[in-house]
Amino acid sequence: MERIFAGEVYDVLPQPNGIVFSYCKEKGEKHILVSYKMLSFENNRMTDVAKNIYLLSKFGSNYRNITEGFENHITARSIVFSNGKVFALYDNGKAALFGSDGERIWDGVMLYRGNPPSDIAFFKGAIWASFAENDVLLRYNMVTMKPELRIGGKVSPFKNPRDIFVIENNAIISNPDINKLLRVNLNNFEVFDYKTFSEPVYSYTKVKDSEFVVMQSGLYKI
């Protein structure tokens, strides 16, 4: 495992040939300055990038319409579909679906026992959401936008599940309270240990054959 960036990383976005990530550049008593970097696999170089590159990666080509009125685009979560539509989740649990032209076509709320999701992902026509406060994953029907399946609860394999990253038929779930990545088979819902670390792990990303995790001490390639 190789640390490629030492610092507080907020989120990592996959690119066709690399990653883009946001990080804390400066923190004061009343402010946080966020900046952005890109790691390219072509030359293995890390460079500073503008905010619009990050927003384009996170919300698609209509990011200006989608992020208008956002209080915090860092904590927001998104799914960019192949048809150009975008599903956006805000940190208070409010959600919205935008058309390929960037126009809002649906509004709603995603809450479980009063708590918003910590992350969302798409798999086979449904949205999966992790609820860190409740130690559960919920699968939402995209027609009704109501939960139709739950994994976890009072007896749960998850401990503070923060991040979901889907690879083929599996979801990799980051569990910082137990320093583990868990793998969930999204076809039969079996849960397995994937990787264990010596400190809390907050997110996982895979691009081609390269795997990345965000931990307390920075961004790592594993």
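**Loops, cores and pockets of the predicted model**

With a relative accessibility of 59%, which is over the 50% cut-off, Asn44 counts as exposed. The structure described here is a predicted model, and Asn44 is placed in the loop that runs between strand E4 (residues 32-40) and strand E5 (residues 45-49). The backbone of Asn44 has a phi near 60°, a positive value in a residue other than glycine. In general, most residues other than glycine have a negative phi. A second case is found at Asn179, where phi is again near 60° and thus positive in a residue that is not glycine. Asn179 belongs to the loop between strand E15 (residues 170-175) and strand E16 (residues 180-185).

Regarding the fold as a whole, the protein contains two helices and 20 strands. Its radius of gyration is 17 Å, close to the 17 Å that the globule rule gives for 222 residues, so the protein is as compact as a globular protein of that length. Taken along the principal axes, the box filled by the C-alpha atoms of the protein is roughly 45 × 40 × 40 Å. Of the 222 residues in the protein, 49% are buried. Among the contacts in the protein with a separation of 6 or more, 33% are between residues that stand 24 or more positions apart.

The interior is considered next. In soluble globular proteins, nonpolar side chains tend to be buried together. In this model the largest nonpolar core has 17 residues, of which Tyr54, Phe59, Ile66, Phe70 and Phe98 touch the most other members. At least two residues of this core are supplied by each of four elements, namely helix H1 (51-59), helix H2 (63-67), strand E7 (86-89) and strand E8 (94-98). The largest share, three residues, comes from H1. A second core, separate from the largest one, consists of 16 residues and includes Leu89, Ala95, Leu97 and Ile120.

Phe98 offers a closer view of the largest core, since this residue is one of those that touch the most other members. Phe98 is situated in strand E8, and because its relative accessibility is 1%, under the 20% cut-off, Phe98 counts as buried. When neighbours within four places in sequence are left aside, Phe98 is in contact with Ile66, Lys85, Val86, Ala88, Tyr90, Glu103, Arg104 and Ile105. One of these contacts, Ile66, is also listed with Phe98 among the core residues that touch the most other members. By contrast with these contacts, the C-alpha atoms of Phe98 and Phe192, which are 94 residues apart along the chain, are separated by 35 Å.

Open space in the model was examined as well. Rolling a probe the size of a water molecule over the atoms shows where empty space is left. The largest pocket has a volume of about 1100 Å³. It is lined by 39 residues, and the closest of them to its centre are Asp11, Arg77, Ser118, Asp119 and Asp163. At least two residues of the lining come from each of strand E2 (9-15), H1, strand E6 (77-80), strand E10 (119-123), strand E14 (163-167) and E18, and E2 gives the most, with six residues. Helix H1 therefore contributes both to this lining and, with three residues, to the largest nonpolar core. Divided by class, the lining of the largest pocket has 24 nonpolar, six polar and nine charged residues.

The second largest pocket holds about 190 Å³ of space. Thirteen residues line the second largest pocket, and Gly69, Glu71, Tyr90, Asn92 and Lys94 are the closest to its centre. The elements that give two or more residues to this lining are E8 and strand E9 (104-109), with E9 giving the most, three residues. By class, the lining of the second largest pocket divides into three nonpolar, five polar and five charged residues.

Strand E18 (residues 201-207), an element that supplies at least two residues of the lining of the largest pocket, also includes Lys206. Lys206 is partly exposed, with a relative accessible area of 29%. Once neighbours within four places in sequence are left aside, the contacts of Lys206 are Phe165, Ile167 and Glu211. Although Lys206 and Pro14 are 192 residues apart along the chain, their C-alpha atoms are separated by 7.3 Å.

Methods: Residues are numbered from 1 along each chain as its sequence is written. This is a predicted model: local features need pLDDT of at least 70, side-chain atom pairs count only at pLDDT 80 or more; totals for chains, interfaces and linings use all residues. Side-chain values use heavy atoms; hydrogens and water are left out. Buried means under 20% relative accessible area, exposed over 50%, partly exposed in between (1.4 Å probe, protein chains only). Contact means heavy atoms within 4.5 Å. A nonpolar core is a set of buried Ala, Val, Leu, Ile, Met, Phe, Trp, Tyr and Cys residues joined through side-chain atoms within 4.5 Å. On a 1 Å grid over the protein atoms alone, a cavity is a set of points where a 1.4 Å probe fits but cannot get out, and a pocket is an open set with protein on both sides within 12 Å along at least five of seven lines; lining residues have an atom within 4 Å of a point. Grid points are joined across faces, edges and corners, and a volume is the space filled by probe spheres set on the points. Ala, Val, Leu, Ile, Met, Phe, Trp, Tyr, Cys and Pro count as nonpolar, Asp, Glu, Lys and Arg as charged, and the others, Gly among them, as polar. The radius of gyration is taken over C-alpha atoms; the globule rule is 2.2 Å times the number of residues to the power 0.38.
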